[in-house]
Amino acid sequence: MGSISNGTANCATVPQPPPSTGKLITILSIDGGGIRGLIPATIIAYLEAKLQELDGPDARIADYFDVIAGTSTGALLTSMLAAPDENNRPLFAAKDLTTFYLENGPKIFPQKKYRNAVICSTSGWDPDAGEEPAGPGEGPKYDGVFLHDKIKGLTHDVKVADTVTNIIVPAFDVKYLQPIIFSTYEAKNDTLKNAHLSDICISTSAAPTYFPAHFFKTEAADGRSQEYHLVDGGVAANNPTMVAMSMLTKEVHRRNLDFNVGRPTEYTNYLVISVGTGSAKQAEKYTAEQCAKWGLIQWLYNGGFTPIIDIFSHASSDMVDIHASVLFQALHCEKNYLRIQDDTLTGNASSVDIATKENMESLIGIGQELLKKPVARVNIDTGVYESCSGEGTNAEALAHFAKQLSDERKLRKSNLNSY
């Protein structure tokens, strides 16, 4: 992890003033996608580098966004960007995120040679342990012990209300069959929503068939308690962009004074960057003819992939992107919304858990190439991303957003000091 300055000379080390002191409401959203989190990690590192060019080396992503939203691996990135270190500064610089994945990915997703891929993909059986494999469906592929320990080691006793900027993380409660949205805003007002960041990250990363569901309780000083029985937030919102926008709108309607900015319920005041983890849309991985012959096992595991999980997560992400894209276009502010996504992944790169050195480096390369590609928006008829004429590359768009973010921050600080 890079060293973090605790100096006060650089304006970037001052906490972000609320939107009420500026003109915009700023959101960073990060999709779920397992080891493919290396793609958004690469994109976000580029954005932070552009902010540092404008405001100095101490600038951090959390200094510019009113909220960072993340699902699953996106929530892990969110936590590293927003959890406080001993100086109450972001735990990680964005440039260190890829290093975290390179060092820990193989331990989170240990690559084993299974004699029975179907059984092992659903049971987590270790052929080197000297025991018989469990039957299909008798346990997740990974026990999650390393991931859980790593998250707890990073975040310690930090709770949602303690983050250096507001975060929003979706999960899904299997007992009550409903989405659960954890947010800094609600955590500050309701003790039962102020869960440990480690419990939230473990929960939203508990992808069915891959990691075990997570149970925890929160308790209030008056003796009240609340149970949570959670799995991957991708079940509800693999792309948390609209969740973030909805939660912020909720704060506006609650008359949260932080959002007394212009006409805050109009999305023309929102500045949104949404970063995907890639998809294999154009690879045309499955066909109706193949799927028509599948039973339960094939839907859960086929050729090293999990079709039912792929379909649900990509459908969720794409529906959100379509909705957000149409919304911003209808309001004639489409340039306030930037979605960066690669839908051309093939082979191992499209997997969520192939954490070999070769594949991880390939994913970083995909992120770097994605920066060079033209800004694209989803075609609502075909679902394919199409280049936007005259809007430059994703790297150029991020540089433009960085300038807007920097200007907004300076405006807020200036207005705050004049009160």
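**Exercise 1.** In which loop is Asp31 found? Establish its setting in this predicted model, and then describe its side-chain contact with Arg339.

*Solution.* Begin with the secondary structure: Asp31 is found in the loop between β1 (25-30) and α1 (38-55). Next, take the accessibility, where the relative accessible area of Asp31 is 1%; because buried means under 20%, Asp31 counts as buried. Finally, look at the side chain, which is joined to the side chain of Arg339 by a polar contact of 2.7 Å.

**Exercise 2.** Work out how β1 is covered and which strands pair with β1.

*Solution.* Start with burial, which applies to 6 of the 6 residues of β1: Ile25, Ile27 and Ser29 point one way, while Thr26, Leu28 and Ile30 point the other way. Turn then to the pairing, where β1 runs parallel to β7 (residues 270-275) with 6 bridges, and pairs with β2 (residues 67-70), also in the parallel sense, over 4 bridges. Ile30 has the bridge partner Val275 in β7 and Gly70 in β2. From β1 the chain crosses through α1 to β2, a β-α-β crossover that is right-handed.

**Exercise 3.** Decide whether Asn194 is buried or exposed, and identify what its side chain reaches.

*Solution.* First locate Asn194, which lies in the loop between α6 (184-189) and α7 (197-204). Its relative accessibility is 16%, so Asn194 counts as buried. Leaving aside neighbours within four places in sequence, Asn194 is in contact with Lys159, Val160, Ala161 and Ala187. Among these, Ala161 offers its backbone nitrogen, which the side chain of Asn194 reaches at 3.0 Å.

Technical notes. Residues numbered from 1 in each chain as written. Predicted model: local features only at pLDDT ≥ 70, side-chain atom pairs only at ≥ 80, totals over all residues. Heavy atoms only, no water. Helix = DSSP H or I, 4+ residues; strand = E, 2+ residues; numbered from the N terminus. Buried < 20%, exposed > 50% of the residue type's maximum accessible area, 1.4 Å probe, protein only. Contact = heavy atoms within 4.5 Å. Polar contact = N/O pair within 3.5 Å; in protein donor to acceptor, adjacent residues only side chain to side chain. Pairing = 2+ DSSP bridges. Right-handed = clockwise from strand over helix to strand, strands pointing away.
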